[in-house]
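Here's a walk through one structure, written for someone who likes to check things against the coordinates. Have a look at it first, then read on.

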Amino acid sequence: MRRLLKNARIVSPLNKLDLIGDILIEEGQIMEIGKGLSCDDCELLDLTRMIIFPGLIDMHVHFREPGREEAEDIRSGAKAAAKGGFVAVGMMPNTQPPVDDPLRVRFVVERGKDSKVYVFPVGAFTKGREGKELTEMALMAAEGAVAFSDDGSPVGDPLILRRGLEYLLSLDLPYIDHAEDLRLSQGGVANESYFTAKLGLRGIPWVSEASIVARDLLISEFTGAKIHIQHVSCKSTLNIIKNAKARGVRVTAEATPHHLLLDETFLSNYNTNFKMNPPLRTREDRDALVEGLRSGIIDVIASDHAPHTKDDKEVEFDAAPFGVIGLETTVPLIWDKLVSKKKISIKRFVELLSINPANILNLKGFGKIEKGLPANLTVINPKKEIKIETEKFASKSKNTPFEGWKLKGAPVLTFVEGEIVFKAL
Amino acid sequence: MKRKHLISIEELETHEIKETLETAKSFLEISKRPIKKVPTLRGKTVVNLFFEPSTRTMSSFEIAAKRLSADVMNFSSASSSVRKGETLKDTVLNLEAMNTDLLVIRHSASGAAKFLTTFCKSSVVNAGDGTHEHPTQALLDALTVLERKGRLNGMKVVIVGDILHSRVARSDTFLFTKMGSKVVLSGPSSLLPSYFSSLPVKVEYNLDKAVEGADVIIMLRLQLERMVGGFFPTLREYRERYRLTPWRLRATKPDAIVMHPGPINRGIELSSDVADSGRSVILEQVEKGVAVRMAVLSLLLGGAR
């Protein structure tokens with residue numbers, strides 16, 4: 001089937017494309033980009049005043065299959081991704097059992113094939129995510145793993161990390177780092193500060209993140225391996241990354257919408273939908289993260305989509321699991337609060353949500369709108385007004401801290417290989 | 001008092017604190033009558049939900065409710081189905097289905113009392129939630145000081161010990177500062193992190209300096225059960241630095257009083273000769289506790305007096 005997307009603004013910074021024009025899609029590929037294109041037997045989509053971006057990628061999501069399918073499975077997670085404007089996701093391996101061998105990678109790949117978007121498995125770095133023995137990373141890569149991480153459980157032993165990073169050099173794949181010193185954050189449920197001390201919440205101090213980032217970046221520097229720091233939450237970590245980047249360490253970093261837009265003061269009602277790890281930190285940290293997007297210390301915005309059932313979250317604060325969902329809220333939030341408010345440019349938006357994640361995960365054909373490439377596209381209507389309402393979510397879980405937020409600018413069309421996987425024109 | 005729940009001192013207005021203390025004062029006398037009962041809350045049902053061990057607080061609430069003629073049921077987690085995997089919410093909803101009017105909750109999780117208010121129809125009184133607050137303890141502390149000193153304004157109140165893990169320290173700090181007292185916090189810096197100086201208090205790590213000219217000294221128990229990792233080297237060293245002794249008391253005002261929320265650990269934070277001395281008002285605190293809880297119950301349930 002042929003489709004003609006008419007009169008949209010087409011933005012693809014990688015090949016310096018920014019024009020009002022048309023895109024012709026045929027057999028899943030971009031056949032033509034230009035002004036005044038026409039075609040006889042095409043499905044015509046008038047996208048006047050809309051913006052077409054290279055398909056957006058969320059490189060940090062948790063789909064709970066296998067193990068906790070009542071919270072999310074790969075199919076429902078992918079549906080939420082499509083609805084949120086994403087064409088691809090990086091799925092973290094902390095399922096039950098974890099994705100720590102080639103067969104389990106194949107399982108995720110197979111399940112991903114009959115879902116709406118690309119699901120790229122991130123394999124576990126150590127067996128059982130226990131930080132003791134390396135997984136068969138080359139065999140897992142051969143089955144489709146695009147990166148390795150023990151996300152959720154930091155690698156405590158620096159020798160294991162060193163060996164694994166050295167080993168990854170020969171595969172040229174990135175290590176994705178959940179940086180946390182579990183001894184420093186032991187028992188903690190919120191940022192450690194005056195504010196949370198008043199609430200009586202046990203603290204996770206910023207130093208539990210920053211100290212491990214410092215250590216891991218030094219090990220990365222020593223070995224020469226690529227490292228990606230997940231969910232940066234504090235100013236101190238930003239300074240460490242900035243310093244490492246200046247020295248030429250092969251480091252990239254991500255921030256989540258919740259760390260960019262919320263801070264610890266949102267915890268005053270003990271609402272467990274604001275409980276995540278790393279925790280929401282101070283206003284100062286939050287402002288520094290936004291500045292990090294601009295200055296280039298932060299390379300990626302990723303949601304850390306972490307579904308939990310209502311039953312799991314509807315408990316006392318200490319007892320609730322960490323994590324919030326984000327696939328269906330990231331784009332409207334970032335568009336309204338950062339792009340529209342001129343905190344970041346449209347070009348930076350594409351870098352953070354498409355170009356850089358594609359680069360980090362070596363995803364060929366992503367991050368760009370170009371003739372001959374698969375038509376993986378995200379269309380945003382910058383004027384569309386929405387309200388975040390969990391009952392309308394495609395995700396099986398509803399644990400968002402943004403319920404009820406009114407936002408302007410939302411994804412309206414998502415194309416994966418030319419197929420419409422989400423449409424709300 | 002217009003509010004339905006009592007969750008924290010931090011959220012109370014000064015006039016609400018005053019009203020509660022005034023009401024409590026008027027209830028003091030009831031407990032001294034030969035027949036210690038008034039009909040204020042007749043027909044009301046109060047449930048004590050204790051998910052943490054407690055002797056003083058639970059008995060105090062129970063006696064307070066009974067002296068107001070309310071029906072009281074005590075529920076503690078040792079005898080509950082909480083151990084069978086029932087959630088806090090389900091447990092509470094089941095009890096509430098028996099048409100309760102007020103729930104008194106003690107729980108190890110900070111925010112547990114607030115959590116109940118999100119789904120309960122009954123009034124909720126926080127009887128201690130994790131390391132957050134213990135509002136009725138602060139109110140009874142204030143009543144004790146008021147009865148002894150005649151005022152709260154301008155009093156120098158020193159709170160000593162494990163500030164970090166103490167819900168009493170938080171509630172007392174808010175209450176005494178709201179009422180115009182000067183609050184000094186003292187304890188080892190690991191149990192009194194620097195961010196506590198953001199409160200309207202003075203932080204003084206040296207106990208000898210902290211107690212200089214004090215009117216009131218509130219000693220806290222070391223909450224060893226809440227401590228993760230060693231906060232201080234040895235009990236011996238802690239005692240050396242933070243035990244209240246007759247010698248240390250010499251620096252206070254001559255009529256300074258010593259309080260403690262209990263249970264006390266004799267020989268650790270208090271030497272026995274201080275605990276048993278005329279300076280100690282620990283048992284008066286317990287007595288005032290009943291009146292304060294009678295006041296809170298009757299004000300929240302709007303019973304005619």
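What follows covers the interface, the salt bridges, two helix pairs and a few backbone oddities.

## Where the chains meet

One thing to keep in mind from the start: this is a predicted model. The interface between chain A and chain B involves 17 residues of chain A and 22 residues of chain B. Interface size is often quoted as the accessible area lost when the parts come together. Here the buried area comes to about 1700 Å², and carbon and sulfur atoms supply 58% of that. On the chain A side, the residues that give up the most area to chain B are Tyr194(A), Lys198(A) and Glu316(A), which together make up 35% of what that side buries.

What about the polar side of things? Between chain A and chain B there are two salt bridges. One of the residues just named turns up again here: Lys198(A) pairs with Glu10(B) in a salt bridge, with the closest N and O atoms 2.7 Å apart. Seven residue pairs are in polar contact across the interface, counting those with both residues at pLDDT 80 or more. Sorted by class, the chain A side that touches chain B has seven nonpolar, four polar and six charged residues.

## Salt bridges beyond the interface

Side chains of opposite charge can pair when their charged atoms come close. Over all chains, the structure holds 47 salt bridges. Among them is the one between Asp22(A) and Lys6(A), at 2.9 Å from N to O. Asp22(A) sits in strand E2 (residues 17-26) of chain A and Lys6(A) in strand E1 (residues 2-12) of chain A, so this pair ties together parts that are 16 residues apart in sequence.

## Two helix pairs

In chain A, take helix H11 (residues 330-339) and helix H12 (residues 346-360): they pack at an angle of about 150°, and their axes are 11 Å apart. The crossing is right-handed. H11(A) brings Thr330(A), Val331(A), Ile334(A), Trp335(A) and Val339(A) to the contact, while H12(A) brings Ile346(A), Phe349(A) and Leu353(A). By class, that contact has seven nonpolar residues, one polar and no charged.

Now over to chain B, where helix H5 (residues 135-149) packs with helix H11 (residues 282-301) at an angle of about 120°, with 8 Å between their axes. H5(B) and H11(B) also make a right-handed crossing. On the H5(B) side the contact includes Leu139(B), Leu140(B) and Leu143(B), as well as Glu147(B) and Arg148(B). Facing them, H11(B) has residues including Glu284(B), Lys288(B), Val292(B), Arg293(B) and Val296(B). The class split for this contact is six nonpolar, five polar and six charged.

## Backbone oddities

Where do the cis peptide bonds listed here fall? In chain A, the bond from Glu65(A) to Pro66(A) is cis, with omega near 0°. Pro66(A) is in the loop between strand E6 (56-61) and helix H1 (74-83) of chain A. In chain B, the bond from Gly262(B) to Pro263(B) is cis, with omega near -5°. Pro263(B) is in the loop between strand E9 (257-259) and helix H10 (272-275) of chain B.

Then there's Lys16(A), which isn't a glycine but has a positive phi of about 55°. Lys16(A) lies in the loop between E1 and E2 of chain A, and those two strands are the ones that the Asp22(A) and Lys6(A) pair ties together.

Technical notes. Residues numbered from 1 in each chain as written. Chains lettered and ligands numbered in written order. Predicted model: local features only at pLDDT ≥ 70, side-chain atom pairs only at ≥ 80, totals over all residues. Heavy atoms only, no water. Axes fitted to C-alpha atoms, helices over the stretch in contact; angles between N-to-C directions. Helix = DSSP H or I, 4+ residues; strand = E, 2+ residues; numbered from the N terminus. Left-handed = near helix turned anticlockwise from the far one by under 90°. Contact = heavy atoms within 4.5 Å. Nonpolar A, V, L, I, M, F, W, Y, C, P; charged D, E, K, R; others polar. Buried area = accessible area lost by both parts, 1.4 Å probe. Salt bridge = Lys/Arg side-chain N within 4 Å of Asp/Glu carboxyl O. Polar contact = N/O pair within 3.5 Å; in protein donor to acceptor, adjacent residues only side chain to side chain.
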